Structures are given as structure tokens and as C-alpha cells.
Amino acid sequence: MSDPTAPEIARRTYSGIRLGVVMVILALGFAVWREIASSQEACVQRSLSAYFYTPVRPVFVGALLLIGFAFIVMWGKTALEDAVLNIAGLLLSVVALVPTLDANYCSVPASAGGGEATTGTARISDSDLISANADTVARSFTALLFALVVILVLVAILTLRAWAAGRKPSAGMRAAYLATWLAAAAVVALLYWLYRDADDPDSAFNQDVHGWSANIAVGLVIVAVFLAARENRNDPQRHQWFWLYGSLGVAMVVTAVVFKGGDEVGLFSGWLDSHATFVVEAILIAFIAVFWVFQTIERRRDRAPTY
């Protein structure tokens with residue numbers, strides 16, 4: 001976006017996508033709050049992902065897909081930043097479409113586990129949850145894999161044609177682009193390999209893919225935050241951004257370590273003992289929104305419109 005000849009429509013599209021990410025995070029927070037307020041005794045699920053099985057599902061899935069899309073299509077200022085956001089966006093799409101099995105704290109409607117809908121709730125086993133949602137996961141996940149393969153092929157063809165026509169970046173940038181493409185292709189291949197065992201309720205696909213994808217995606221976003229801090233480290237006029245990004249990155253790491261680590265070692269009790277995952281997910285997604293706002297403001301110097 002630093003090209004001063006970039007058309008106005010392109011620059012406004014850029015800012016629109018950036019603002020859209022913040023809006024869908026706010027929409028997701030509002031939808032979850034409404035669900036909590038409407039539930040019996042204002043019950044909160046054990047994790048944010050558990051709201052996949054509630055009326056919040058369309059907002060939850062749509063928000064993560066939109067955030068993932070934005071992470072992929074928005075170019076980073078460096079090849080490394082671009083790479084980590086691309087992979088994070090890919091994995092967030094997986095989180096959206098492959099549901100967690102941690103969905104029974106408040107219970108979920110019996111219909112979510114394949115039973116008849118009732119006015120109350122029922123505790124549902126993991127195998128029933130997997131079976132009841134297998135067709136939905138199969139259609140959506142294979143569609144995601146198909147789209148990713150098509151994108152990888154198109155990117156490879158268009159990039160090679162551009163390089164053959166003499167429009168080559170530096171050798172270092174070419175190596176970075178190739179590494180990013182190979183990393184994305186490896187992730188897609190691994191996801192397909194894991195999906196082949198989707199019929200087994202105890203498979204890694206059903207038991208672990210959601211959690212692995214969420215944890216790695218958030219970790220990559222934290223890396224992107226620290227990369228943004230490093231980009232401003234040596235610019236005296238932008239040194240405040242170094243401290244803002246750096247502080248945000250440290251806050252994200254501390255949040256993840258305290259809540260996830262504390263949960264693992266049994267540090268918490270009471271409500272927090274059951275809801276440590278929900279708390280850390282809610283805080284980290286709020287921090288992601290803050291990071292995106294920071295970047296949207298800071299990168300106005302690259303001729304993005306200020307509205």
C-alpha cells in the first residue's frame with residue numbers, strides 16, 4: 001500500500017477489510033454475550049469454541065472465516081510477517097469448520113447431538129457430537145481443502161508466469177515466497193492426511209485438530225505482533241509503535257502462559273477452574289482486535305485512507 005499511484009478504490013478496499021476484522025470480532029463478542037444472557041442462570045460455556053453448538057454458530061463460523069480470509073489476503077510489510085499471517089488465517093478457517101468437543105459444561109441442545117430438540121438441554125457424548133455433525137464437517141472441510149488447493153495452484157502458476165516474464169523480486173524475496181507456499185502446502189497436505197481418519201471418533205482429526213489449529217494460529221499472530229514491533233524499533237519517529245506492539249505481544253504471551261499454564265497445573269478453583277479456556281480465548285481475541293486497530297492506525301503512513 002506504499003505505492004502513491006495505487007487507485008483510491010484499492011486503498012479504500014484495504015482499509016475496509018481492516019476495519020471489517022474489528023467489526024466481526026465485536027459482533028462475535030456481542031453474540032456470545034447475548035447467548036450467555038439468554039441462557040439458564042447466565043451459564044457460560046467452558047470455551048469460546050463451544051458456542052459452535054449454540055445459536056451463535058453462524059456468527060462464530062462466519063467471524064473466524066472472515067478473520068482468516070483477511071489474514072491471508074492482507075500482505076505483510078515483510079515476507080515473514082506475510083507468511084505467519086497467511087498460515088494463521090488458514091488455521092483459523094480450520095478452527096471455524098472443525099468444532100471442539102468441549103461443549104458439555106452448560107450442555108447443548110439435544111438436537112446438536114442428533115437427538116430430538118427439546119426445551120431443555122442434555123449432556124451429549126463426544127461420539128454423538130461427532131456423529132451428529134459429521135456430514136456438516138465433511139462438506140465444509142472438504143470444500144475448504146478444495147479452495148486451498150485451487151488457491152495454491154493458481155498462486156504457483158501466476159507467480160511462475162510473472163517471474164518468467166522478468167518480473168522477479170530479489171533472490172531473498174523469492175526464497176521467502178517459496179517457503180511460504182511450501183509451508184501452506186504442507187499444512188494442507190497434513191490436514192488432508194488427518195481428515196482421512198475422520199470416521200474414527202478417537203482420531204486426531206476429531207480430538208485434536210481444532211485445538212492444535214487454534215493454539216498455533218494464536219501463536220503465529222503473537223509472532224506477527226512482535227514482528228510489527230521490530231519493524232518500528234529503529235525509527236525514532238515511530239518508536240511509540242515499538243512500545244505499543246511490544247507491550248501488546250508481552251501481554252498476549254503472559255495471558256496465554258498464566259491461564260493455560262495455570263489451568264494445566266490446577267492453579268485455579270471455582271468458576272475460573274472450569275472456564276480458564278473461555279477466559280484466555282476471550283482475552284486473546286480481544287488482543288487480536290487491538291493489534292489490528294494498531295496496525296490500521298500505524299499504517300496510515302502508507303497512504304491508506306483515514307476516512
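Mentor: Helices here are DSSP runs of H or I, at least four residues long, numbered from the N terminus. Keep in mind throughout that this is a predicted model.

Trainee: How far apart, in terms of helical turns, are Trp 241 and Tyr 245 in helix α8?

Mentor: Trp 241 and Tyr 245 are separated by about one helical turn, because they lie 4 residues apart in helix α8. Both Trp 241 and Tyr 245 are buried.

Trainee: How many aromatic pairs does the model hold, and what kind of pair do Phe 52 and Tyr 53 make?

Mentor: The count comes to 15 aromatic pairs. For Phe 52 and Tyr 53, the ring centres are 5.2 Å apart and the planes meet at 80°, and since planes over 60 degrees apart count as edge-to-face, the pair is edge-to-face. Phe 52 counts as buried, because its relative accessibility is 4%, and Tyr 53 is likewise buried, with a relative accessible area of 5%. The pair of Trp 241 and Tyr 245, by contrast, is tilted, with 5.9 Å from centre to centre and 35° between the planes.

Trainee: Which residues form one aromatic cluster with Trp 241 and Tyr 245?

Mentor: Phe 71, Phe 291, Trp 292 and Phe 294 join Trp 241 and Tyr 245 in one aromatic cluster. One member, Trp 292, has the charged end of Arg 18 sitting over its ring, 4.3 Å from the ring centre.

Trainee: Which residues have the most contacts inside the largest nonpolar core?

Mentor: They are Phe 71, Leu 90, Phe 141, Phe 205 and Phe 291, in a core of 85 residues. Among the helices that each supply at least two residues of this core are α1 (8–38), α4 (126–164), α8 (239–264) and α9 (270–298). Leaving aside neighbours within four places in sequence, Phe 291 is in contact with Val 221, Ala 224, Val 225, Ala 228, Tyr 245 and Leu 248.

Trainee: Is Lys 260 buried, exposed or partly exposed, and which residues is it in contact with, beyond its neighbours within four places in sequence?

Mentor: Lys 260, which has its place in helix α8, counts as partly exposed, because its relative accessibility is 31% and the partly exposed class lies between the 20% and 50% limits. With neighbours within four places in sequence left aside, Lys 260 is in contact with Thr 255, Thr 277 and Val 280. The C-alpha atoms of Lys 260 and Glu 281 are separated by 9.9 Å, although the two residues are 21 residues apart along the chain.

Key
Residues numbered from 1 in each chain as written. Predicted model: local features only at pLDDT ≥ 70, side-chain atom pairs only at ≥ 80, totals over all residues. Heavy atoms only, no water. Core = buried A, V, L, I, M, F, W, Y, C linked by side-chain atoms within 4.5 Å. Buried < 20%, exposed > 50% of the residue type's maximum accessible area, 1.4 Å probe, protein only. Contact = heavy atoms within 4.5 Å. Phe/Tyr/Trp six-rings, centres within 6.5 Å; stacked < 30°, edge-to-face > 60°. Lys NZ or Arg CZ within 6 Å of the ring centre and 35° of its normal.
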